[in-house]
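This report examines the surroundings of a bound ligand and the nonpolar cores of the protein. The structure under discussion is shown below.

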Amino acid sequence: MLAYINAFFFVQIAVVLGIILLKRNGAGAAVPHPPRLDAPPVAVGTWTGLREFRVIRREFADRARTQCSFYLQPADGGTLPVYKPGQFLTFALKVPGGEGDENLGEATIRRCYSLSDRPGSGSYRITIKRALAPLDRPELAPGVSSGHFHDRINVGDVLSVAAPAGKFLLETDADVPAVFVAGGVGITPLISMLRWSLEEQPGRTVHLYYGVRYGEEQAFKTELAAMAAGHPCFHLNVVYSKPGPADRQGSDFQFTGHVDLEMLRRTLPHGRHQFYICGPAPMMESLVPALVRWGVPQKDVHFEAFGPATVRLDSASATDTAALSGLPLEIRFRRSGRTLFWDGGDANLLDFAERHGVVVSSGCRSGSCGSCETGIADGAVHYEHTPDYEVRPGHCLLCVGRPESALVLEA
Ligand SMILES: Cc1cc2nc3c(=O)[nH]c(=O)nc-3n(C[C@H](O)[C@H](O)[C@H](O)COP(=O)(O)OP(=O)(O)OC[C@H]3O[C@@H](n4cnc5c(N)ncnc54)[C@H](O)[C@@H]3O)c2cc1C
């Protein structure tokens, strides 16, 4: 009898230990966890390096045909990894002549484009605005990559793409209303967050302030109107800075002017909000610090710039002041054989190198694509904001880096 009882206990202990071990190793997860609706999808099944994607559809997103959407699927027929709303893809593009000069043969450039649809929609969608020469410098060449997409990329073409990346992500506390502020093509990551939020957190209040010049340039007009009609918690505010003769206030747009702090203060209800801002440099450089000065905690202000933008928050300025004390700093570019002196006047090491004629490659100019990654032989580099691109140890990104000490760089 005693032997019986002992054996019974042994079996029970063995079963309990077995269950604990299985759980620890994850092998016991025979029943998959249901997806949590309050968490954004985890980027699963992603890839390293470049993967080939085929363009399966293209269509303009605005009536003026300045912004074109491209839908992509893996060329190998494999699965499409889920991404997080707000992330972007990096493209390695072979373009004639490279940066602006068609006589130079072919070159590879890298550019980032935000995913502009909700994850899980069956394909990746990016939406690209054609970059023209700046109005005050019409003699300059128009944008290389955006022009290449608009003029030469068609259905059936295959593109080399790096996996979804980026830290401009939606926080999923459904109790805190989200405020999306988009300027121009900055709508792309925000429409991804918006679509995800409306479908997965339908009770969450979301406001979109979307600034464009006039109706012809408003992207996703029908899509946004349908979302606003179908979701009572979604408050759509379209803002035109120069409404056209056919644009009607109340139906086509709600406000005239630019999205600024004054407009947000006037129109948002009281209470805590999380802000997500993506737009041109002047919008980011004024609105982000203004929100923080207004009293919005920095953790509630998320932003992404599509190019160079110097968003100065109080803590960043303090770091800068400290770094400026030991100026000038000697910066040696080893491959170029140049020794220069940093006096703190340039926004970053890329501007500094280019101003002195040091040839370095560059892409996004905002720490996202890795084109300007350069080895550091000696010294240290400081970033105001942690770059999206994962910098390899012993390297730095020139486009968002500033020297913390004298430097010897490989470039
Ligand atoms: C994270 C991230 C996400 C992004 N998402 C999107 C997106 O969803 N949609 C989108 O449209 N863009 C997006 N961008 C921007 C995109 O990556 C490109 O920067 C944009 O398409 C312009 O690239 P381009 O090659 O066409 O222009 P470039 O060739 O890089 O030229 C840019 C501008 O510089 C001007 N220029 C040319 N020569 C000179 C010169 N010598 N001096 C000064 N200026 C000159 C050009 O006329 C043009 O106006 C994103 C960027 C980042 C970093």
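Which atom of the ligand lies 2.8 Å from a backbone N or O atom of serine 145? In this predicted model, the partner of that serine 145 backbone atom is an oxygen atom of the ligand. The polar contacts to the ligand are set out here.

| Residue | Protein atom | Ligand atom | Distance |
|---|---|---|---|
| Threonine 127 | backbone N or O | nitrogen | 2.8 Å |
| Serine 145 | backbone N or O | oxygen | 2.8 Å |
| Serine 146 | polar side-chain atom | oxygen | 2.6 Å |

On its own, the ligand has 990 Å² of accessible area, of which the protein covers 76%. Two or more residues of the surrounding shell are given by each of β4 (106-114), β5 (124-129) and α2 (144-152); the largest share, 4 residues, belongs to β4. The ligand is surrounded by 25 residues, and those that come nearest are Cys112, Tyr113, Leu132, Ala141 and Ser146. Sorted by class, the shell comprises 14 nonpolar, 8 polar and 3 charged residues.

Turning to the protein interior, the largest nonpolar core contains 28 residues, with Phe180, Leu194, Leu208, Leu224 and Phe234 having the most contacts inside it. Elements giving two or more residues to this core include β7 (178-183), β8 (206-212) and α4 (221-230), while α3 gives the most, with 7 residues. Beyond its neighbours within four places in sequence, phenylalanine 180 is in contact with residues including Leu170, Met193, Leu194, Leu208 and Tyr276. Another core, of 23 residues, lies apart from the largest one, and Val55, Tyr124, Ile126 and Phe149 are among its members.

Technical notes
Residues are numbered from 1 along each chain as its sequence is written. This is a predicted model: local features need pLDDT of at least 70, side-chain atom pairs count only at pLDDT 80 or more; totals for chains, interfaces and linings use all residues. Side-chain values use heavy atoms; hydrogens and water are left out. A residue is near a molecule or strand if one of its heavy atoms lies within 4 Å of it. A polar contact is a pair of N or O atoms within 3.5 Å; within protein, one must be able to donate a hydrogen and the other to accept it, and residues adjacent in sequence count only if both atoms are side-chain atoms. Accessible areas come from the Shrake-Rupley method with a 1.4 Å probe; for residues, only the protein chains shown count as cover. Ala, Val, Leu, Ile, Met, Phe, Trp, Tyr, Cys and Pro count as nonpolar, Asp, Glu, Lys and Arg as charged, and the others, Gly among them, as polar. A nonpolar core is a set of buried Ala, Val, Leu, Ile, Met, Phe, Trp, Tyr and Cys residues joined through side-chain atoms within 4.5 Å. Buried means under 20% relative accessible area, exposed over 50%, partly exposed in between (1.4 Å probe, protein chains only). Contact means heavy atoms within 4.5 Å.
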